[in-house]
Amino acid sequence: MMQKIFKTKKGRYLSAAAGVATALAGGITLAPWASADSPASSVSAPAAKHRAQTFELVGKQTSIAEIDLGQKGASIGDENVVHEDLYRDGKKVGDHSAICTVTHVNPTALQCLGTFSLPDGQFAAQALLHLPAPSYVDVGITGGSGAYSNASGFVRTIPAGVTERHFTVHMNG
């Protein structure tokens, strides 16, 4: 039962949400990514830390685990753990990990937390998700380190199949 929920309603929702955290990492610098203020500004430049930036990533799932905790079957505390590689223009730029915990059953609610790892630092995002999943999920950016130490904003995540997500990061700071 637990597996069926994760693969149907939860799977689709987690694709949109757990993947939330899931697509903003980097392996290259973010300098080539445009900010809202200047097309050539660098994320790591001091002036850019205070500008709004919007950039897109693609998350491709590399591992997933559905953990049935507590009562057998769907129950509070069950978890779905996801790891994804992040891509920009077809090139791997980082990775993302997320964990979603069931907080309510019937209707299902999930608390999802994710961390995006980019070359210049990391940032975290979280959301409370309700099933059935909408076509997209906006996940709040809750903080970061390195170049993202003052990060705020949100990540819009859209499922693109079972193991891929598209992310648009709207970051301030």
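**Close-up views of strands β4 and β5, the disulfide and the barrel**

**View 1. Strands β4 and β5 are joined by 10 bridges.** The two run antiparallel, and β5 covers residues 121-130. Ala 109 stands opposite His 130, which belongs to β5. Strands of a sheet pair through backbone hydrogen bonds, either parallel or antiparallel. The model shown here and in the other views is predicted.

**View 2. Cys 100 and Cys 112 form a disulfide.** Their sulfur atoms lie 1.9 Å apart, and the cut-off for a disulfide is 2.5 Å. By this rule the count for the model is one disulfide. A disulfide is a covalent bond between the sulfur atoms of two cysteines. The link of Cys 100 and Cys 112 is right-handed, with 120 degrees about the S-S bond. Cys 100 lies in strand β3 (residues 91-104) and Cys 112 in strand β4 (residues 109-118), so the disulfide ties together parts that are 12 residues apart in sequence.

**View 3. The surroundings of Cys 100 and Cys 112: buried or exposed?** Cys 100 has a relative accessible area of 0% and is buried. For Cys 112 the relative accessible area is 3%, and Cys 112 is buried as well. Both values can be read against the limit for a buried residue, which is under 20%.

**View 4. Eight strands make up a closed barrel.** The order of strands is β1-β2-β3-β4-β5-β6-β7-β8, and their pairing is antiparallel. Neighbouring strands of this sheet are turned against each other by 30 degrees on average, direction ignored.

Definitions and conventions: Residues are numbered from 1 along each chain as its sequence is written. This is a predicted model: local features need pLDDT of at least 70, side-chain atom pairs count only at pLDDT 80 or more; totals for chains, interfaces and linings use all residues. Side-chain values use heavy atoms; hydrogens and water are left out. Helices (H or I, at least four residues) and strands (E, at least two) are DSSP runs, numbered from the N terminus. Buried means under 20% relative accessible area, exposed over 50%, partly exposed in between (1.4 Å probe, protein chains only). Two strands pair if DSSP finds at least two bridges between them. Axes are lines fitted to C-alpha atoms, for helices over the stretch in contact, and angles run from 0 to 180 degrees between N-to-C directions.
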